[in-house]
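Q: Could you walk me through this one? I have not looked at it before.

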Amino acid sequence: MIATADLFDERGEQLQSCQTQFRQFGARREFSGPIRTIICHNDNGLVKQLANTPGAGAVLVVDGGASMASALMGDQIAAAAARNGWAGAVILGPVRDSQVLATTDLGIKALGTNPRKSAKDGVGQVDVPVSFGEVTFVPGRMLWSDDDGILLER
């Protein structure tokens with residue numbers, strides 16, 4: 001994968017740069033793919049459901065509203081996503097089981113950690129545009145992520 005800094009130098013204003021500062025958690029430090037989105041609040045039921053479907057190299061963007069009250073991904077959901085061919089996840093919220101996530105073949109960026117489980121009611125929306133970090137994540141458009149940050153197609 002081309003580094004995000006080089007990609008931005010090459011394509012410039014054709015790309016958006018996410019301003020939110022995420023931490024890396026997965027074993028894949030670099031990942032890219034078409035975007036799939038979920039909006040949820042302290043409920044990872046939809047995250048679990050989507051992670052258990054074929055990912056086809058996509059990146060799951062989870063808008064948890066930046067709530068740090070409960071984890072939106074843990075070792076079991078991450079393992080399912082890796083098994084099902086997801087490239088990565090960008091989570092505007094926390095994860096848990098961080099030591100296991102570090103060995104999971106999945107790119108995972110999140111705001112931080114919280115050992116608390118979330119609700120599993122499946123409340124939220126799937127594959128709708130979500131905005132944070134001064135960018136809009138549109139389902140189907142490309143996302144690139146590495147240690148320098150996240151870029152998106154406009």
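A: What follows goes from the overall chain to its interior and then to its charges.

Q: Is this a predicted model or something else, and how many helices and strands are there?
A: This is a predicted model, and the secondary structure of the protein chain comes to 4 helices and 11 strands.

Q: How compact is the chain?
A: The radius of gyration is 14 Å, close to the 15 Å that the globule rule gives for 154 residues, so the chain is as compact as a globular protein of that length. Along the principal axes, its C-alpha atoms fill a box of roughly 40 × 30 × 25 Å.

Q: And how much of it is buried?
A: Buried residues make up 48% of the 154 residues.

Q: Which residues have the most contacts inside the largest nonpolar core?
A: That core has 23 residues, and those with the most contacts inside it are Val47, Leu60, Met73, Ile91, Val95 and Ile108. At least two residues of this core come from each of helix H2 (45-51), strand E4 (59-63), helix H3 (75-83), strand E5 (88-95) and strand E6 (107-113), and H2 gives the most, with 4 residues.

Q: What does Ile108 touch?
A: Leaving aside residues up to four places away in sequence, the residues that Ile108 touches include Phe25, Phe31, Met73, Ala78, Val95 and Leu101.

Q: What other core lies apart from the largest one?
A: Another core, of 16 residues, lies apart from it, and among its members are Ile35, Val61, Phe132 and Leu143.

Q: Changing topic, how many positive and negative side chains are there?
A: The protein chain has 14 positive and 17 negative side chains, with the centres of the two sets 9 Å apart.

Technical notes
Residues are numbered from 1 along each chain as its sequence is written. This is a predicted model: local features need pLDDT of at least 70, side-chain atom pairs count only at pLDDT 80 or more; totals for chains, interfaces and linings use all residues. Side-chain values use heavy atoms; hydrogens and water are left out. A nonpolar core is a set of buried Ala, Val, Leu, Ile, Met, Phe, Trp, Tyr and Cys residues joined through side-chain atoms within 4.5 Å. Buried means under 20% relative accessible area, exposed over 50%, partly exposed in between (1.4 Å probe, protein chains only). Contact means heavy atoms within 4.5 Å. The radius of gyration is taken over C-alpha atoms; the globule rule is 2.2 Å times the number of residues to the power 0.38. Lys and Arg count as positive and Asp and Glu as negative; His and the chain ends are not counted. The place of a charge is taken as NZ of Lys, CZ of Arg, CG of Asp or CD of Glu.
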